[in-house]
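Here's a quick walk through one protein model, written for someone who would rather look at the coordinates than at a cartoon. Keep the viewer open while you read.

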Amino acid sequence: GLLQAEELGLQVFHGGTALKDGRVVTSGGRVLSITAVRQDLMEALGEANRGVATIHFQGATFRRDIGHRGLRLLRQPLYVSTAQMFPPASPRCSPLPLTSGPPLLGLQKGSLQLPAPGGRSEGGFAAFFDLKASGYDDPILVSQTKGLGPKLQVAQVCKRHDTIGQDLVALCVNDLLAQGAEPLFFLSHLSCGKLDAEVMETIKEGIAEACRSAGCAFLGEEVTEVAAPCAPGLCELAGFAVGAVERGQRLPGLQRAREGDALLGLGSPGIHGRGFGVVLNRTELRLFLAGDVLLTPGKMFSPALLPLLRSGHVKGFAPTAEGLLGGISRLLPEHVSAVLDALSWKIPEIFGWLYKEGNLSAEEMAQTLPCGIGAVLVVQKELAQHVLQDIQRQQEAWLIGRVVAPCHTAGSHIEVENLTEALQLSSPQHLVDASTAEIQPQPRKRKVKVAVLVSGAGTALPALIGCAREPGSCAKLVLVISNRPGVPELRSAARAGIPTRVIDHKLYGSRSEFDSTIDRVLEEFSVELICLSGFMRVLSSPFLRKWKGKILNASPSLFPLIKDGNAQQEPLESGFKVTGCTVHFVLVTPSPVLPGPPSLCARRRSRAPAPPSAEAELRAFPLALQLVASGAAWLGAHGRTCWRR
């Protein structure tokens, strides 16, 4: 049906196809894309669907919802104020489409009202939510609203807004979680002295991504441009979240925390709430040096933690956004005390830096800052290790303290032992160290887009896919390229929903032409990092120079133990007993490509179990990818691998 589609005036883009005996055959998961260009969206949508209907092959499937969301948005009114305080009819001023989440019956009104000359903003959005369709029988609704406050000032100083949307969602969702509630939907309100459309879009993207992670729907963002004397830029960002919990699944509350219960702490590097007021007041201009680290978003614990909270093993859960002591006090009944040991958990370096540069006391740190603990759980002592192990499968967590005998003074008393020593031990050197010879890139707060190049000979792709899916991963696999059609890696990528491309080297007249095609596809997907997993082609020098410091490969030998010569042949001849692999950056080198020794080559071709070096690669490659994607390791100016202290 390809010719018929083209006769209809449609463009057929090939994604997962190959030529075999003069015929076009499928060779990947996403095979074809049919595009129609017409005068309006409705007509284009109809023509594209006609084209899809003309093409047939075994196992073909296609989406039937493409374009419908755009049609819905076009039918909604967009009011533009004659004052034109916002860019008129700008696409950035349209309501954000609904993201994936629990069942929403439909957007009732999606107009964005722009402010009148006095600075007012009217209008909004609403939606219906079907609790029964979400599986609830006797639910209780829980709501929460939060604002970011002084953290916005830091974002403005650093001109960085990609994390504050995530922070806002985390604040609201974590408080819903404290009631045992699942987040359902989220709305936000942004007020500013002068609208910056790019900033607004960046914040929206952060909120939408965080809502996807939380499993809730993002209904949209109300924007208000306030009148003078408000300074230009952001003034305030607030969020509102609604969640639900079955009547019998609410967390029991304060009355069940008793003497002897254990306190578990969940790790989080972020700073929230009134702690930022202290940061701004005490650190002054030194804030500029650590701004990027201060904007590290707080940890969002839902929905991964929800099954555990509903298991009956947890007596209470409280976030610590307003300070470590404030979070714990929410869990303790009156006259019950708690003792914590600050040496029992890892305090991120930023808190040691704030302790030193802000001239804060240990008591002030515990009262106003989370000190590396994002939330605290109360658990019966006998169940503490079991619950802790469950949590540690997903994230950092520690046994940080215990509930002790009632005190004789009014209210709860919380003692944090060894906090001064722990803060002094958390080294803040890399935040402000100007003496280092290598320029250290800032740790990345977003996922790095990664492509994997394969030829069918590698085994690491499933491990890399699993690594990228882990909570907190800094890598996102966006593309798998093979120089051979029909290899198993293409099927693995398709099953994982990762786009694939076949670029057959046999169809190109030169290596540079082949590499240029790969380069264009990498640019198309905005790839930032490349992993070679059994890729059996030698990449050209221009390609390697362009992607210097951005290509990782695993070698079946241990470096630098075997420094010179053939790193595979010499260990066999010398009786070298240790096996393993090395993950390394790929550089332009004059060294010849040496073939593997016959014994190794034969083993690779046989059906024998994978050699120890291959097993080591499955462990080492994902770890190396995380180190580079997170910014903890990088290629220095002199070709040496550098590490963040």
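What follows goes from the whole chain to its strands, helices and salt bridges.

**The whole chain**

First things first: this is a predicted model. The protein chain has 645 residues, and 48% of them are buried. Its secondary structure adds up to 22 helices and 24 strands. If you count contacts between residues at least 6 apart in sequence, 78% of them join residues at least 24 apart. As for the surface, about 32500 Å² is exposed, with carbon and sulfur atoms supplying 53% of that.

**A strand with two partners**

Let's start with β13, which covers residues 337-341. Is it mostly covered or mostly open? Mostly covered: 4 of its 5 residues are buried. β13 pairs with β15 (residues 397-404) in the antiparallel sense, over 4 bridges. In that pairing, Ser337 sits opposite Val404 of β15. β13 also pairs with β16 (residues 414-417), this time in parallel, again through 4 bridges. Here Leu340 has Val416 of β16 as its bridge partner. For background, strands of a sheet pair through backbone hydrogen bonds, in either a parallel or an antiparallel way.

**A six-stranded sheet and its helices**

Further along the chain there's an open sheet of 6 strands, in the order β19-β18-β17-β20-β21-β22, with mixed pairing. The edges are β19 (500-502) and β22 (582-585), each of which pairs on one side only. From one strand to the next, the twist averages 25°. Inside the sheet, β20 (residues 529-533) and β21 (residues 551-555) are parallel, with 3 bridges between them. Leu532 stands opposite Asn553 of β21.

Two helices are worth pulling up next to this sheet. Helix α16 (residues 461-469) packs on the sheet and touches β17 (448-454), β18 (475-482) and β20, its direction making about 155° with that of β18. Helix α18 (residues 511-524) lies across β17, β18, β19 and β20, and runs at about 150° to β18.

**Helices with a buried side**

Which residues of α16 are buried? They are Leu461, Leu464, Ile465, Cys467 and Ala468. Looking down the axis of α16, these buried residues fall within an arc of 160°, so they line one face of the helix. The face turned away from that buried side carries Pro462 and Arg469, both exposed. The general rule behind this sort of pattern is that an α-helix has 3.6 residues a turn, so residues three or four places apart point the same way.

Helix α4 (residues 151-158) can be read in a similar spirit, with Lys151, Leu152, Val154 and Ala155 buried. Why do they share a side of α4? Because they cover an arc of only 155° around the axis. Right after α4 comes Lys159, whose phi is positive, near 50°.

**Salt bridges**

How many salt bridges does a search of the whole structure find? It finds 11. Three of the pairs are listed here with their N to O distances.

| Residue with N | Residue with O | N to O distance |
|---|---|---|
| Arg212 | Glu209 | 3.2 Å |
| Arg393 | Asp390 | 2.4 Å |
| Arg501 | Glu524 | 3.9 Å |

Take the Arg501 and Glu524 pair, with its closest N and O atoms 3.9 Å apart. Arg501 lies in strand β19 and Glu524 in helix α18, so this pair ties together parts that are 23 residues apart in sequence. Glu524 is exposed, at 54% relative accessible area.

The Glu209 and Arg212 pair is a local affair: the two are 3 residues apart in helix α6 (residues 197-214), which means about one helical turn separates them. Glu209 counts as partly exposed at 39% relative accessibility, and Arg212 does too, at 41%.

In the Arg393 and Asp390 salt bridge, the side chains meet at 2.4 Å, N to O. Arg393 is exposed, with 63% relative accessibility, while Asp390 is partly exposed at 23%.

Finally, Arg38, Glu47 and Arg50 are linked in a network of salt bridges.

Technical notes: Residues numbered from 1 in each chain as written. Predicted model: local features only at pLDDT ≥ 70, side-chain atom pairs only at ≥ 80, totals over all residues. Heavy atoms only, no water. Buried < 20%, exposed > 50% of the residue type's maximum accessible area, 1.4 Å probe, protein only. Contact = heavy atoms within 4.5 Å. Areas by Shrake-Rupley, 256 points an atom, 1.4 Å probe, with all protein chains shown as cover. Pairing = 2+ DSSP bridges. Axes fitted to C-alpha atoms, helices over the stretch in contact; angles between N-to-C directions. Arc of directions from axis to C-beta. Salt bridge = Lys/Arg side-chain N within 4 Å of Asp/Glu carboxyl O.
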